[in-house]
Amino acid sequence: MPITPANATHSPSSGTAEAILLELVDDEGVTIGTSEKLAAHQPPGQLHRAFSVFLFDEHGRLLIQQRALGKYHSPGVWSNTCCGHPYPGEAPFAAAARRTFEELGLSPSLLAEAGTVRYNHPDPASGLVEQEYNHLFVGMVQAPLRVDPEEVASTAFVTPDELARRHAEDTFSVWFMTVLDAARPAIRELTGPSAGW
């Protein structure tokens, strides 16, 4: 499936622009409809399906990314390895694997479900709202990164202590700590007690 920027449209054979759609869900995560991507993020926000990926190296360090400066939402901030939205009808697991490959050029190893979390985070910088039913995934990085600069400005592997220092000094996405805390039980299971997560 091709990479599609968040604010892009494409022209089917009819010549009309087709917006990117997200799945709207109820509080239990059941699909109840669709909405155009930007509209779903306009205040007060519409609850929609999303995913967040946390990948680790063999030393138990978390791969974080700095979002590209050209992104319409939260440009230049640090966040988890990969996050995004499934297309309507696309399984969250498949979307997570697809976007990890599109953004970072790698296919995660041992990618596993790590639960779900629901949140409502307004982003003061953009004025947009992250009201999401987020499917969490954890896995391993076992291949070199091939980063798409249109999506990712920078990457880093961090220990828990290094992440705490970065989080105090740099700007992170409004959803980052919520999804990280929700994924911690699965992260600890994957990385083991010595990694410190």
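Q: Is Cys82 buried or exposed?
A: The model is predicted: local features need pLDDT of at least 70, side-chain atom pairs count only at pLDDT 80 or more, and totals for chains, interfaces and linings use all residues. Residues are numbered from 1 along each chain as its sequence is written, and side-chain values use heavy atoms, with hydrogens and water left out. Buried stands for under 20% relative accessible area, exposed for over 50%, and partly exposed for what lies in between (1.4 Å probe, protein chains only). The relative accessible area of Cys82 is 0%, so Cys82 is buried.

Q: How many disulfides does the count come to?
A: A disulfide is a pair of cysteine sulfur atoms within 2.5 Å. By this rule the number of disulfides is 0.

Q: Which cysteine has the sulfur nearest to that of Cys82?
A: Cys82 takes part in no disulfide, and the nearest cysteine sulfur is 6.3 Å away. That distance is too far for a bond. The partner is buried as well, at 14% relative accessible area. The nearest sulfur belongs to Cys83.

Q: Where does Glu103 lie?
A: UniProt, in an unreviewed entry, places the feature "binding site" at Glu103; such annotations may be inferred rather than shown by experiment, feature names are shortened, and positions follow the numbering used here. Helices (H or I, at least four residues) and strands (E, at least two) are DSSP runs, numbered from the N terminus. Glu103 has 4% relative accessibility and so counts as buried. Its place is in residues 92-104, helix α2.

Q: Which cysteines does Glu103 touch?
A: Contact means heavy atoms within 4.5 Å. Leaving out residues up to four places away in sequence, Glu103 touches residues including Gln65, Thr81, Arg146 and Glu151. The cysteines it touches are Cys82 and Cys83.

Q: What separates Arg99 and Glu103 along helix α2?
A: A salt bridge is a side-chain nitrogen of Lys or Arg within 4 Å of a carboxyl oxygen of Asp or Glu. The side chains of Arg99 and Glu103 form one, at 3.0 Å from N to O, and both residues are buried. They are 4 residues apart in helix α2, so their separation is about one helical turn.

Q: How many residues apart are Glu151 and Arg99?
A: A salt bridge joins Glu151 to Arg99, with the closest N and O atoms 3.0 Å apart. Glu151 sits in the loop between β8 (129-140) and β9 (152-158), while Arg99 is in helix α2, and the distance along the chain is 52 residues.

Q: Why does the pair of Arg118 and Asp27 tie together parts that are apart in sequence?
A: The two side chains meet in a salt bridge of 3.1 Å, N to O. Arg118 is in strand β7 (residues 109-122) and Asp27 is in the loop between β1 (21-25) and β2 (31-36), so the parts tied together are apart in sequence by 91 residues.

Q: Which side chain does Asp57 join in a polar contact of 2.7 Å?
A: A polar contact is a pair of N or O atoms within 3.5 Å; within protein, one must be able to donate a hydrogen and the other to accept it, and residues adjacent in sequence count only if both atoms are side-chain atoms. Asp57 is in the loop between β3 (48-56) and β4 (62-67), and its side chain has a polar atom 2.9 Å from the backbone nitrogen of His59. The side chain joined to Asp57 at 2.7 Å is that of Arg61.
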